[in-house]
Amino acid sequence: MDEERRLCPNCSRPVTGRSDKRFCCSECRTMFNNRRYRRKHREIERIDRILKKNRSIIDRLYNEGCRTTSVHLLHRMGFEFRYMTSFAEDTGGTGQCVLGYYDYSCTLSRDGNVVIGHTEITPL
């Protein structure tokens, strides 16, 4: 009976040995899995960079004493409002949105102002 010819998914060389063996060598297995992992996590890393940049902008403003700013200024500084770590509606019934950026919050008002708040995180 003819044996089915198996090819390595990484380099396309023939695979010999056990019937359940997928790769021609351990180096090909490692390269294949590393490439798959990088591709899968590239988007997560991109979003994480944006979130850290947003937090950095808020942190800089807060530490300079700026507690209220405008949406336009944040946008000019490179802030991306589409990415946040949490979202809530203001509990005061004002209809304002509260966006969370790790340990900071930004309350958006209807007039385009942003109020920056900070929450101290206590270690467990």
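Here is a friendly exchange about the fold, shape, charges and a few residues of this predicted model.

Me: How many helices and strands does the chain have, and what pattern do they follow along the sequence?
Reply: Happy to start there: the secondary structure comes to two helices and five strands. Reading along the sequence, these elements follow the pattern α-β-α-β-β-β-β.

Me: Is the chain compact or spread out, and what is its radius of gyration?
Reply: The globule rule gives 14 Å for 124 residues. The chain lies well over that value, so it is more spread out than a compact globule. Its C-alpha trace spans about 75 × 35 × 30 Å along the principal axes. The radius of gyration asked for is 25 Å.

Me: What share of the residues in the chain is buried?
Reply: Buried here means a relative accessible area under 20%. The chain exposes about 9,300 Å², with carbon and sulfur atoms supplying 51% of that area. Of the 124 residues, the buried share is 23%.

Me: Among contacts between residues at least 6 apart in sequence, what share joins residues at least 24 apart?
Reply: The set to look at is the contacts in the chain between residues at least 6 apart in sequence. Within that set, the share joining residues at least 24 apart is 33%.

Me: How many positive and negative side chains are there, and how far apart do the centres of the two sets lie?
Reply: A nice one for the charge picture: the chain has 23 positive side chains and 16 negative ones. Taking the centre of each set, the distance between them is 7 Å.

Me: How many salt bridges does the structure hold?
Reply: Side chains of opposite charge can pair when their charged atoms come close. One of the pairs here joins Arg82 and Glu80, at 3.4 Å from N to O. Arg82 is exposed at 66% relative accessible area, while Glu80 is partly exposed at 27%. The total of salt bridges in the structure is five.

Me: Which residue meets Glu43 in a salt bridge, and how are the two placed in helix H1?
Reply: Helix H1 covers residues 26–63. Glu43 and its partner are three residues apart in this helix, so about one helical turn separates them. Glu43 is partly exposed at 41% relative accessible area, and the partner also counts as partly exposed, at 31%. The side chains meet at 2.8 Å, N to O, and the partner is Arg46.

Me: Why are Lys52 and Asp48 separated by about one helical turn, and what is the N to O distance of their salt bridge?
Reply: Both residues sit in helix H1, and because they are four residues apart there, about one helical turn lies between them. Lys52 counts as exposed at 52% relative accessibility, whereas Asp48 is partly exposed at 29%. Their side chains meet in a salt bridge with an N to O distance of 3.2 Å.

Me: Is Thr107 buried or exposed, and what is its relative accessible area?
Reply: Thr107 lies in strand S4, which runs over residues 104–108. Leaving aside neighbours within four places in sequence, Thr107 is in contact with Gln96, Cys97, Val98, Asn113, Val114 and Val115. The cut-off for buried is under 20%. Thr107 is therefore buried, with a relative accessible area of 18%.

Me: Where is Tyr102, and what is its phi?
Reply: Tyr102 is placed in the loop between strand S3 (97–101) and S4, and is partly exposed at 41% relative accessibility. Most residues other than glycine have a negative phi. Tyr102 has a positive phi instead, near 55°.

Me: Which residue in the segment before H1 has a positive phi of about 70°?
Reply: The residue in question is not a glycine, yet has a positive phi of about 70°. Its place is in the segment before H1. The name asked for is Ser12.

Me: What does Arg13 touch beyond four places in sequence, and how far is it from Cys25 in space?
Reply: Arg13 also belongs to the segment before H1, and is partly exposed at 45% relative accessibility. Not counting residues up to four places away, Arg13 touches Arg6, Leu7, Cys8, Cys24, Cys25 and Cys28. Arg13 and Cys25 are 12 residues apart in sequence, and their C-alpha to C-alpha distance is 9.9 Å.

Conventions
Residues numbered from 1 in each chain as written. Predicted model: local features only at pLDDT ≥ 70, side-chain atom pairs only at ≥ 80, totals over all residues. Heavy atoms only, no water. Buried < 20%, exposed > 50% of the residue type's maximum accessible area, 1.4 Å probe, protein only. Contact = heavy atoms within 4.5 Å. Salt bridge = Lys/Arg side-chain N within 4 Å of Asp/Glu carboxyl O. Rg over C-alpha atoms; globule rule 2.2 N^0.38 Å. Areas by Shrake-Rupley, 256 points an atom, 1.4 Å probe, with all protein chains shown as cover. Lys, Arg positive; Asp, Glu negative; His and termini not counted. Charge placed at Lys NZ, Arg CZ, Asp CG, Glu CD.
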